[in-house]
Amino acid sequence: MSNKTDEELQTEPLENEEENAELNDDEAEAEAEAVENEFDLLQEELIALKDKYARVHADFDNIKKRLEREKYTAVEYSNEKFAKDMIPVMDALQMAMTSTATEASADELLEKLKEGIELTAKQFTTSLEKHGVTMVSHDEPFDPNIHNAVQSIDSEDVESGQIVQTFQTGYKYKNRPLREAMVIVAN
């Protein structure tokens, strides 16, 4: 072995431990400083993310409120196109009413009124169809979803379950009934 004495051998590890302790303290300080720097960076990033979240949340709330206002406005003015299409029909009816004030024979006046009413009814039907409102057909078989049978009669001309006569015309909006047609059905 070596020529070192027991005493020297015992003091040597203590010196190494002191050197290691000094190195460990320096490393610990460096590590603590690195951790502190990383902690500061993470805190800054957290603050930035919280700010970004608050802005995005505020933007979302603003968009939500704007869409809600737009929805109410759209519902409130949803019949505007329909109303605009009804104005010419109203004009035609008013013209028919003012035409009665002219000096004409009763037969001429009656013929003009009849023609005006027919044109107005055609214009009104066209406007309704443009917006999805159609008349329930009188030629189709009885359907309890769109027809209301107010009477049933025996008929040699029409098969059982077919419509014989219509008392009141029914209307549908697209495929949904607005008013059922009141009909007489064959037995």
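1. Contact here means heavy atoms within 4.5 Å. With that in mind, Gln168 touches Arg179, Ala181 and Met182, once residues up to four places away in sequence are set aside. Gln168 has its place in strand 3, which covers residues 163-168, and is partly exposed, with a relative accessible area of 30%. The C-alpha atoms of Gln168 and Glu180 are separated by 8.4 Å, these two residues being 12 apart along the chain.

2. The model under discussion is a predicted one, and the remarks that follow should be read with this in mind. The protein has 3 helices and 6 strands, and from the N terminus on its elements run α-α-α-β-β-β-β-β-β. Of the 187 residues of the protein, 12% count as buried. The protein exposes about 15,700 Å², and carbon and sulfur atoms supply 54% of that area. Among contacts between residues at least 6 apart in sequence, 58% join residues at least 24 apart.

3. On helix 3, two buried residues deserve a comment together with their partners. Ser127 lies in helix 3 and is buried, its relative accessible area being 9%; leaving aside residues up to four places away in sequence, Ser127 touches Asp85, Met86 and Val89. Thr120 is also found in helix 3 and, at 7% relative accessibility, counts as buried. With the same exclusion of residues up to four places away in sequence, Thr120 touches Val89, Ala92 and Leu93. Val89 is thus a name that appears both among the contacts of Ser127 and among those of Thr120.

4. Salt bridges come next, and the general background is simple: side chains of opposite charge can pair when their charged atoms come close. A search of the whole structure finds 4 salt bridges, and one of them joins Lys130 to Asp85, with the closest N and O atoms 3.3 Å apart. Because Lys130 lies in helix 3 (residues 106-130) and Asp85 in helix 2 (residues 80-99), this pair ties together parts that are 45 residues apart in sequence. The two partners differ in their surroundings, since Lys130 counts as exposed at 60% relative accessibility, whereas Asp85 is buried, with a relative accessible area of 17%. A reader looking at this spot may also recall that Asp85 is among the residues touched by Ser127.

5. Two further salt bridges can be described within helix 1, which spans residues 6-76. In one of them the side chains of Arg66 and Glu70 meet, at 3.4 Å from N to O; these residues are 4 apart in helix 1 and so are separated by about one helical turn. Arg66 is partly exposed, with a relative accessible area of 39%, and Glu70 is likewise partly exposed, with a value of 39%.

6. In the other, the side chains of Glu68 and Lys71 meet, again with 3.4 Å from N to O. Here the residues are 3 apart in helix 1, and the separation is described as about one helical turn. Glu68 counts as partly exposed at 33% relative accessibility, and Lys71 counts as partly exposed at 44%.

7. What residues form the negative surface patch? The patch is made up of Asp25, Asp26, Glu27, Glu29, Glu31, Glu33, Glu36, Asp40 and Glu44. Asp40, one of its members, is found in helix 1 and is partly exposed, with a relative accessible area of 34%. That value can be set against the cut-off for patch membership, because a residue must have over 30% relative accessible area and no salt bridge to be included.

8. A last point concerns the backbone at Lys174. Most residues other than glycine have a negative phi. Lys174, although it is not a glycine, has a positive phi of about 55°. Where does Lys174 sit? Lys174 is found in the loop between strand 4 (171-173) and strand 5 (176-179), and Lys174 is exposed, with a relative accessible area of 54%. A colleague inspecting the model may wish to look at this loop residue with its positive phi in view.

Note on methods: Residues numbered from 1 in each chain as written. Predicted model: local features only at pLDDT ≥ 70, side-chain atom pairs only at ≥ 80, totals over all residues. Heavy atoms only, no water. Patch = residues over 30% accessible without salt bridge, like charges linked within 9 Å, V, L, I, M, F, W, Y side chains within 5 Å. Areas by Shrake-Rupley, 256 points an atom, 1.4 Å probe, with all protein chains shown as cover. Lys, Arg positive; Asp, Glu negative; His and termini not counted. Charge placed at Lys NZ, Arg CZ, Asp CG, Glu CD. Helix = DSSP H or I, 4+ residues; strand = E, 2+ residues; numbered from the N terminus. Buried < 20%, exposed > 50% of the residue type's maximum accessible area, 1.4 Å probe, protein only.
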